[in-house]
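Me: Please take a close look at one part of the model below. Then set that part in its surroundings.

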Amino acid sequence: MKLSFRWYGESDPIPLQYIRQIPGMRSVVSAVYDVKPGEVWPEASLARLKEQCEENGLVFDVVESIPVSEDIKLGTDKRAAHLDAYCENIRRCAKYGVKCVTYNFMPVFDWTRTQLDRVAPDGSTSLVMYWDQLRGLDPLTDDIHLPGWDASYTRDEVRGLIRAYGELGEDGLWKNIEVFLKKVIPVAEECGVTMALHPDDPPYPIFGLPRVVTCEANIDRYLSIVDSPANSLCLCTGSLGCTKSNDVAAMVRKYASMGRIGFMHMRNVRVLEDGSFEESGHLSACGDLDMSEIVRALVECGFDGYVRPDHGRMIWGETGKAGYGLYDRALGAAYINGLFEAWEKAVRRA
Ligand SMILES: [Mn+2]
């Protein structure tokens, strides 16, 4: 596996010099964050990212993410132009050494949480979603500001989008996924890039918006639309794991054995009785996922893609972007390294 770490570019308070000091660290996961979805990324920005990483002994070869515009997801009259820009971005990324591009197909809202700094008994803080904070809220009638929501939309724009997705429904979303994949995957194949689909987070509909990248049956359907290794997964354990109906270790084994995991997001999560969830430390004992079994599945299937510690808690007084501090993600990386070393040795001995 190739160990990686997400970095938000020059505005990220964590310097690349610190990231390189994490044992085994190889790749930087980043993106051009100042260009709107549907537009083309300047080559100079990609060249700068590549250069900064190389100056620090790291490789810039994973992009997270090239966002899929709402026009592509909804199939509006701007779709064709946005798809052309999307393909051009893949070509440009490949030109600067990128091998894997992450993206998601979630309507309007990316991940959903109700609080970003919930204090655990040990004094650390993490992201949580509590149903008692969400239930009863209706974005069509209430002025909702959930953490992490795109603040660039006005309230009326959000309402317009929610109505449009309501009309589109799941069947319409699947049709637009097909249009996207049939256009984009051949370009990725040509460029030697693996497209890595991130599952919906959490993996069920929120506020009546259709969400389909949620479970094994739907992921099977997604991968079969274009049956190519370039049409792969960014398998996020914490996203799929926030519903107990997903057996994450079994899903990892299945898709790794098919050669359809390009990128692993590794973190743990605790699911509460009412379906609420709390992001936890990476260790298996801290949440509901058996991280050792997940790594075992990867090693036994010969996985050689990218892995990164996903969200960490805030610990040791660190402040910054929720989920993206240095300390707990570095602990997560060290733990993931340990699991891989142990399972690789066990498999070699067997
Ligand atoms: Mn993730």
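Reply: What follows starts with the whole chain, goes on to the helix α6 (residues 155–191), and ends with some loops.

The model is predicted, so local features are used only where pLDDT is at least 70 and side-chain atom pairs only at pLDDT 80 or more, while totals for chains, interfaces and linings use all residues. Residue numbers start from 1 along each chain as its sequence is written.

The protein chain has eleven helices and twelve strands. These are DSSP runs numbered from the N terminus: H or I over at least four residues for a helix, E over at least two for a strand. The radius of gyration is 19 Å, close to the 20 Å that the globule rule gives for 350 residues, so the chain is as compact as a globular protein of that length. The radius is taken over C-alpha atoms, and the rule is 2.2 Å times the number of residues to the power 0.38. Along the principal axes, the C-alpha atoms fill a box of roughly 55 × 45 × 40 Å.

Of the 350 residues, 43% are buried. A residue is buried if 20 or more other C-beta atoms lie within 10 Å of its own, exposed if 12 or fewer, and partly exposed in between, with C-beta atoms placed from the backbone. Two residues are in contact, or touch, if their C-beta atoms, placed in that way, lie within 7 Å. Among contacts between residues at least 6 apart in sequence, 72% join residues at least 24 apart.

Now to α6. A straight helix of 37 residues would span 54 Å at 1.5 Å a residue, but α6 spans only 39 Å between its end C-alpha atoms. The expected span is 1.5 Å times one less than the number of residues. There is also a bend in α6, of about 90 degrees, at glycine 169. A bend is the angle between axes fitted to the seven residues ending at a position and the seven starting there.

Which residues of α6 are buried? They are Tyr165, Leu173, Ile177, Phe180, Leu181, Val184, Ile185 and Ala188. An α-helix has 3.6 residues a turn, so residues three or four places apart point the same way. The buried residues of α6 pack against three helices and two strands: α3 (70–74), α4 (79–95), α7 (216–225), β7 (194–198) and β8 (231–236). Just after α6, glycine 192 has a positive phi of about 70 degrees.

The next subject is the nonpolar core, meaning a set of buried Ala, Val, Leu, Ile, Met, Phe, Trp, Tyr and Cys residues joined through C-beta atoms within 7 Å. The largest such core has 89 residues, and Val101, Val193, Met195, Val252, Ile294 and Leu298 touch the most other members. Helix α6 supplies the largest share of this core, eight residues. Leaving out residues up to four places away in sequence, valine 101 touches Val63, Ile66, Ile90, Cys93, Val193, Met195 and Ala196.

Some loops around these elements hold unusual backbone values. Most residues other than glycine have a negative phi, and most peptide bonds are trans. The bond from glutamate 64 to serine 65 is cis, with omega near -5 degrees, and serine 65 sits in the loop between β3 (59–64) and α3. Another cis bond runs from aspartate 201 to proline 202, with omega near 0 degrees. Proline 202 lies in the loop between β7 and α7. Both of those elements are among the ones that the buried residues of α6 pack against.

Positive phi values also turn up outside glycine. Valine 108 has phi near 60 degrees and lies in the loop between β4 (100–104) and β5 (115–119). Tryptophan 316 has phi near 55 degrees, in the loop between β12 and α11 (327–349). Are these two residues buried or exposed? Valine 108 counts as buried because it has 20 C-beta neighbours inside 10 Å, whereas tryptophan 316, with 11, counts as exposed.
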